[in-house]
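Could you walk a newcomer through this model, one question at a time?

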Amino acid sequence: MASQPAHATRARAHASAPQPVVAPNMLPLPMKLLNIVAWVVFLLSAYHLWPSTERLHSIPHFHLKGLSVLDLSVILAFVSSLLYLFCFFGIPFLQPDLPVPPPSECTGMDDKFIVPTVLPGNDEEIVKAVISGEVPSHALEKQLGNSRRAASIRREAIQRTIGRTFDGLPINNFDYDSILGRCCELPVGYVQLPVGVAGPLLLDGLEYYVPMATTEGCLVASTNRGCKAITESGGVISTILKDGMTRAPAVRFETAARTAQLKFFLEQPENLETIAHIFNRSSRYARLQVIKCGLAGRYLYMRFVCSTGDAMGMNMVSKGVQDVLEFLQDDFPDMEVISISGNYCADKKPAALNWIEGRGKSVVCEATIKEEIVKKVLKTDVASLVELNVIKNLAGSALAGAMGGFNAHASNIVTAIFIATGQDPAQNVESSHCITMMEAVNGGRNLHVSVTMPCIEVGTVGGGTHLAAQAACLDLLGVKGASVDSPGANARRLATIVAGAVLAGELSLMSALAAGQLVKSHMKYNRSSKGIGLKDN
């Protein structure tokens, strides 16, 4: 285990023997008086004996007959006070050595000591073994064969080590076996998030109720309003432009010229066909589409693009890439593989390459909102929305140097749906790339609105999609698991639902801004009046 501060070390030493807390500066009055008396006796006796040391040493064969009653009394007082003071300082202020938590002004929390829980059976011994480092915390699941029990022991060991509790973090009623080796390591509980539903959203002729996990007030309500405006106007039409996950290893050669030879080799169509055969053998669903190369001196970055069925596909692509690299080293034995990922992918980072080339599912969704719906549901007008979109989403984002950020709040909706459906929430970085367009059509009476999103990275199998709550949200959308009839269809449908919900969110927020309703709405839905005596006016 990592080194712990002094108070944590002391906490481990006394984990099984909780003591009452008494600070050093809070000694009882009799103890203080006794300390003072001991000091006075020690100093006076030492002062008396100091000039007599030569006389004491001069007594042949030192014995009590050579000392006066006063000398004997002084020596006895000196030894007694010395022993007392030695014990006083040897056992720090006669106080138990308790864990001292960091000051609350440093942590911003109310510090409190915890009384260790006495666990059933031999769990108590296991907790102590984890604290001492005899049993690695990460090995508990394997050694115990019980994921729930391992989480409980790990949680208790951490509580005792740091002197703080996990109060408020639930641990019961969760299937820890479902995450073992798949989703999360070293679990100590789980975080609860509220899930709201926006809809119905009419998308490609079907109605969907969109689950959104969020703690931001107004978000679900706003998206729901956008869904209503879209559905009452005839719905959203979606088009998938591309479908290809990427992985880009980085390799190195002795010279840039040699590096270029591999680049030219990969760009020849007949070689790509051979490489695709090697790649496709790694999975039933992975299918290599293209390899795009970037060269920097002696370094070559090979961006593999492939379809991955209903999985988001990062692991699937990585496995295929590994097989191809091993194949290439037969013809290029001097190739040095630096990393299976060289950031030319690019995963979980804003990148112009993703914005231009796309990653995952590239989707465009569009809808035409009737003039009367704009006024009745969105409380604004077509001209105001068109003007605001140019000023805010296009010109304002350009002035800010945005990369893929030509929208109002696409990441809000993307992240909420990702968490609800078991996607990787970190991939909201590129998945939220979006350009929102608004135009007046039909003689200026109706509004054509669209969102173009080149990097929606989703899957309906793998990752967290198998967890009970997340699987239920996928089932709500009718895209749970793999598509039997058409592999990849469920993941593509989920991507269009994400884009359709983003369109609804964009439409509603832009309308709120155009009508000056944003602050009022957030004061109503995103502020709690509980316990502070406020009333909603």
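What follows is a conversation between a colleague and a modeller.

Colleague: Hello! Before we start, what kind of model is this?

Modeller: Residues are numbered from 1 along each chain as its sequence is written, and side-chain values use heavy atoms, with hydrogens and water left out. Local features need pLDDT of at least 70, side-chain atom pairs count only at pLDDT 80 or more, and totals for chains, interfaces and linings use all residues, for this is a predicted model.

Colleague: Thanks! How many helices and strands does the protein chain have?

Modeller: Helices (H or I, at least four residues) and strands (E, at least two) are DSSP runs, numbered from the N terminus. By that reckoning, the secondary structure of the protein chain comes to 20 helices and 11 strands.

Colleague: And what share of the residues of the protein chain counts as buried?

Modeller: Buried means under 20% relative accessible area, exposed over 50%, and partly exposed in between, with a 1.4 Å probe and protein chains only. The protein chain has 537 residues, and the share that counts as buried is 44%.

Colleague: Let's look at one helix. Is α9 largely enclosed or open?

Modeller: Helix α9 covers residues 219–232. Its buried residues include Leu219, Val220, Arg225 and Ile230. Since 10 of the 14 residues of α9 are buried, the rest of the structure leaves this helix largely enclosed.

Colleague: Which elements do the buried residues of α9 pack against?

Modeller: Contact here means heavy atoms within 4.5 Å. The partners include strands β1 (195–203), β2 (206–213) and β8 (360–369). Helices are on the list too: α14 (371–376), α16 (410–420) and α19.

Colleague: How are α9 and α19 oriented to each other?

Modeller: Axes are lines fitted to C-alpha atoms, for helices over the stretch in contact, and angles run from 0 to 180 degrees between N-to-C directions. The axes of α9 and α19 are 7 Å apart, and the packing angle is about 100°. Angles under 35 degrees count as roughly parallel, over 145 as roughly antiparallel, 65 to 115 as roughly perpendicular and the rest as oblique. The two helices, α9 and α19, are therefore roughly perpendicular.

Colleague: How many nonpolar residues does the contact of α9 with α19 have?

Modeller: On the α9 side are residues including Cys227, Ala229 and Ile230, which meet residues of α19, among them Leu503, Ala504 and Leu507. Ala, Val, Leu, Ile, Met, Phe, Trp, Tyr, Cys and Pro count as nonpolar, Asp, Glu, Lys and Arg as charged, and the others, Gly among them, as polar. By class, this contact of α9 with α19 has 7 polar, 1 charged and 9 nonpolar residues.

Colleague: What does α19 reach from its first C-alpha to its last?

Modeller: Helix α19 runs over residues 489–514, and 21 of its 26 residues are buried. The expected span of a helix is 1.5 Å times one less than its number of residues, and for α19 that comes to 38 Å. Close to this value, α19 reaches 37 Å.

Colleague: Now the strand side: which residue of α16 has its C-alpha atom 7.6 Å from that of Val210?

Modeller: Val210 lies in strand β2 and is buried, with a relative accessible area of 0%. Among its contacts are Leu477, Ile497 and Ala501. In α16, the buried residues include Ile413, Val414 and Ile417. The C-alpha atom at 7.6 Å, 207 residues away along the chain, belongs to Ile417.

Colleague: Is Arg154 buried or exposed?

Modeller: Arg154 is found in helix α8 (residues 147–162). Beyond residues up to four places away in sequence, Arg154 touches several others, including His138, Glu141 and Leu186. With a relative accessible area of 2%, Arg154 is buried.

Colleague: Last one: which residue follows Gly199 through a cis peptide bond?

Modeller: Most residues other than glycine have a negative phi, and most peptide bonds are trans. In this model, a cis peptide bond joins Cys345 and Ala346, with omega about -15°. The bond after Gly199 is also cis, with omega near 5°, and the residue that follows, in strand β1, is Pro200.
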